[in-house]
Amino acid sequence: MSRPFRHIADERLADLRMDERLKQAVRARAAVGRRRLVRRRTLRLAVVMLLLLMTATAFALTRGFGLFELMGTVMPHFSQVRPEAEELVRRDLSSFSFPHVDVAVREAAYDGRYLRVAYSVIDRAATAPLEEPGTDLTSDREEIFRFVAAQQDDIRWTTLDWAEVGGEHVNPLGMSFSVAGPNNGEAITWVQFDVRGLSLPDTFTVRLPLRGADTPHELDFTMDKGDMRHVYRLVPPPDKRIGNYIISIQEVIISPIRTYITAHLIVDPGVPPQKIWEIADRWMSSATLADEDGGNPQRWTDTGAGAVDNMDWVRISLPDGSFDFEDRIVDPEKPVTMKVIPEYAPPDVYPEAFRFGHSEQDFILIPFVKLRSPERDR
Amino acid sequence: MTRCDEFERESPDLRLERMMTQYGDGLLRLCFMMLSDRALAEDAVQEAFLRAYQALDHFRGDSSEYTWLTSIALNCCRSLRRKAWFRRVDLGVPLENIPAPGNVSDLADDTVLTAVMHLAPRYREPMLLHYYQGMLVKEIAALLQVPESTVSARLRRARIKLKEDLKEWYFDE
């Protein structure tokens, strides 16, 4: 016996409806958009122009489309890495010619936290670059960019949604983008995969989901970790009480590409969920990582926050029969633990201690004392 | 009369209302099956209708309004899925927390949906677009920007994967 999938899905998901609450949310946002249209257009233009200028400057200065220069496509300071980051980069890792396009994994770098990859797809018949070199091919375009030659060969030229690293399935995490390369018919795609927790040998295999219609398997390449001496953890400082919560630094990873921080915020019993999120939001969105005296702040590149203990996101029924969702503390007698995971562009010179915080009162000092390499620590 | 001519008679606000009423439930459920999370699905469908509203002037009627909205919703789901935090902490409301209706049929238990929602995105997307949204392989190929042969191959592989989980239920060709 079979029934159309749509009927079964609709029947099971009957509770999911575009109800008045959702419609009203869309209407409200649409109305705000109308009021701000002119102002936003003006502002957006100014910001875009600034970004274009800065990106163009970055490309002009480097004259390259390497892994780190490409990171500046999103925000110019994203390309900021320390010189020793170059020692992690592996180049010209793999290539394959399909009927219409050539695919080449140009660069990859592993730093214990991410595997970052840049690969190019080139239309061999092209007689000009796809667009002005450096132009983003996938975001904020009036019309979808169609890479016909790549589609003819069934090559995924935009971002990849999985990979196998050392035989383990991994997912992309954070930003990803595709830009027009400097060569005729060339698209270059940059993507980073979350490899945290993988225990990799010095040399490992990477399988990317790049394959043509008739090729037997995905594109594989082997790479070594490179010089990991510059990737290490710091000794976490003692926990610090700040008002009604404690900040506990769980991990600080120093990489020449980024500084990665994982911190827990252990909030006292009795603090309502809204206040808990306000605390977490400040550490997630506003915290800076600077020298001990607050100078030389490192620039933020990614972040995140969420509850990891004693607070759930639950559905509630409203008196009118509709529903909503809210944060709910599981045991009011116990503290709630939030987790924040900001990442920063590395400084030119590491300080004797980092000052991690978002105000004069809300900060913690992290002495620059090496623990062990993340690799040896696993 | 073309579809564009018909739509031009509607004010943007009226058109937004009509689209939300006509397509809202289906798109919300599609987003849920893409994201496996109720709150994220609600975010995605809101964002999709907002983007559609802001882009009404640019809609040329090259595709159906339904396909156009599906395309926007799919992109919103992808954006949310790619956001860093989505993969880092599970804050969502999964299928088992969505109340099942009292008169749900035997076949509408969670087995089918769970199996589909556990497919990798590259299989789940064409699967849902074809079997839930009712789109043709050609339309899916245009939407996903891949050849039709790729869509067909992914649908075939998805069916093979599902067959193991759904021995008493199958997708009609």
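**Helix crossing and strand pairing in chains A and B**

The crossing of helices α7(B) and α8(B) is right-handed.

User: Before we go on, what kind of model is this?

Analyst: It is a predicted model.

User: Back to that crossing, then. Which residues make the contact between α7(B) and α8(B)?

Analyst: From α7(B) the contact residues are B:E125, B:P126, B:L129 and B:H130, and from α8(B) they are B:I140, B:L143 and B:L144. By class, five of the residues in this contact are nonpolar, one is polar and one is charged.

User: At what angle do the two axes cross?

Analyst: Helix α7 of chain B covers residues 121-131 and helix α8 of chain B covers residues 137-144; their axes come within 10 Å and cross at roughly 135 degrees. The two helices are therefore oblique to each other.

User: Moving to chain A. Which strands does β12 pair with, beginning with β10?

Analyst: Strand β10 (residues 232-233) of chain A is joined to strand β12 (residues 245-254) of chain A by two bridges, and the two run antiparallel. In this pairing A:Y232 is opposite A:I254 of β12(A).

User: And how many bridges are there between β11 and β12 of chain A?

Analyst: There are three, again in the antiparallel sense, with β11 of chain A spanning residues 240-242. A:K240 faces A:I247 in β12(A). The two strands form a hairpin with two residues between them, and A:G243 in the turn has a positive phi of about 65 degrees.

User: What about β12 and β13 of chain A, how many bridges there?

Analyst: Nine bridges join β12(A) to β13 (residues 259-267) of chain A, and these strands run antiparallel. A:E251 is opposite A:T262 of β13(A). These strands also form a hairpin, with four residues between them.

User: Different topic: A:N296. Where is it placed?

Analyst: A:N296 is in the loop between β14 (288-291) and β15 (300-302) of chain A.

User: Why is A:N296 classed as partly exposed?

Analyst: Because 14 other C-beta atoms lie within 10 Å of A:N296, and the partly exposed class falls between 12 or fewer for exposed and 20 or more for buried.

User: Which residues does it touch, leaving aside neighbours within four places in sequence?

Analyst: A:N296 is in contact with A:A290, A:D291 and A:P347. A:P347 is 51 residues away from A:N296 in sequence, yet their C-alpha atoms are 7.8 Å apart.

User: β14 came up there. In what order do the strands of its sheet run?

Analyst: The order is β14-β21-β22 in chain A, an open sheet of three strands with antiparallel pairing. β14 and β22 (363-367) of chain A stand at the edges with a single partner strand each, so one side of each has no neighbour in the sheet. On average, neighbouring strands of this sheet are turned by 25 degrees against each other, direction ignored.

User: How many bridges join β21 to β22(A)?

Analyst: Five bridges join β21 (residues 353-357) of chain A to β22(A), running antiparallel. A:F356 has A:I364 as its bridge partner in β22(A).

User: Last one, A:W313. Which strand is that in, and is it buried or partly exposed?

Analyst: A:W313 lies in strand β17 (residues 311-317) of chain A. A:W313 has 19 C-beta neighbours inside 10 Å and so counts as partly exposed; the buried class begins at 20.

User: How far apart are A:W313 and A:E326?

Analyst: Their C-alpha atoms are separated by 5.6 Å, with the two residues 13 apart along the chain.

How values were computed. Residues numbered from 1 in each chain as written. Chains lettered and ligands numbered in written order. Predicted model: local features only at pLDDT ≥ 70, side-chain atom pairs only at ≥ 80, totals over all residues. Axes fitted to C-alpha atoms, helices over the stretch in contact; angles between N-to-C directions. Parallel < 35°, antiparallel > 145°, perpendicular 65-115°, else oblique. Left-handed = near helix turned anticlockwise from the far one by under 90°. Contact = placed C-beta atoms within 7 Å. Nonpolar A, V, L, I, M, F, W, Y, C, P; charged D, E, K, R; others polar. Pairing = 2+ DSSP bridges.
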